Amino acid sequence: MLPGSTKDHFLPPSRAYDVCGRKVAEYGTGVQPAVFAYDDANHMISLTTWRMGRCIWKKVE
């Protein structure tokens, strides 16, 4: 494959989990970046995402 081709820049999604096994972050080339927060009862209480705007990632809550 030639350097600089599309496949060279593809990274599989990465996910982070807390000690309880809950997904707390997801990011990568093929997914929308997101951060998750949970309360003590394991309910998701927050989802933070970002969007692209004029070559700058902007935080959206």
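**Surface.** I looked up the accessible area of the protein and found about 5,100 Å² exposed. Carbon and sulfur atoms supply 58% of that area. I noted that the model is a predicted one.

**Burial.** I then checked how much of the chain is buried. Of the 61 residues in the protein, 13% are buried.

**Confidence.** I recorded a mean pLDDT of 80 for the protein, with 67% of the residues scoring at least 70. Among the elements, I found the highest mean pLDDT, 95, in strand 3 (residues 34–38). The lowest mean, 61, belongs to strand 5 (residues 56–60).

**Secondary structure.** I counted 5 strands and 0 helices in the protein. Read along the sequence, the order is β-β-β-β-β.

**Contact range.** I took the contacts in the protein with a separation of 6 or more and looked up their range. Residues 24 or more positions apart account for 1% of these contacts.

**Residue R22.** I turned next to R22 and located this residue in the loop between strand 1 (14–17) and strand 2 (23–27). Its side chain makes a polar contact of 2.8 Å with the side chain of D18. I then listed the contacts of R22, setting aside neighbours within four places in sequence: the partners are A16, Y17, Y38, D39 and N42. Finally, I looked up the separation of R22 from M44, which lies 22 residues away along the chain. The C-alpha atoms of R22 and M44 are 9.4 Å apart.

Terms used
Residues numbered from 1 in each chain as written. Heavy atoms only, no water. pLDDT = per-residue confidence, 0-100. Helix = DSSP H or I, 4+ residues; strand = E, 2+ residues; numbered from the N terminus. Buried < 20%, exposed > 50% of the residue type's maximum accessible area, 1.4 Å probe, protein only. Contact = heavy atoms within 4.5 Å. Areas by Shrake-Rupley, 256 points an atom, 1.4 Å probe, with all protein chains shown as cover. Polar contact = N/O pair within 3.5 Å; in protein donor to acceptor, adjacent residues only side chain to side chain.
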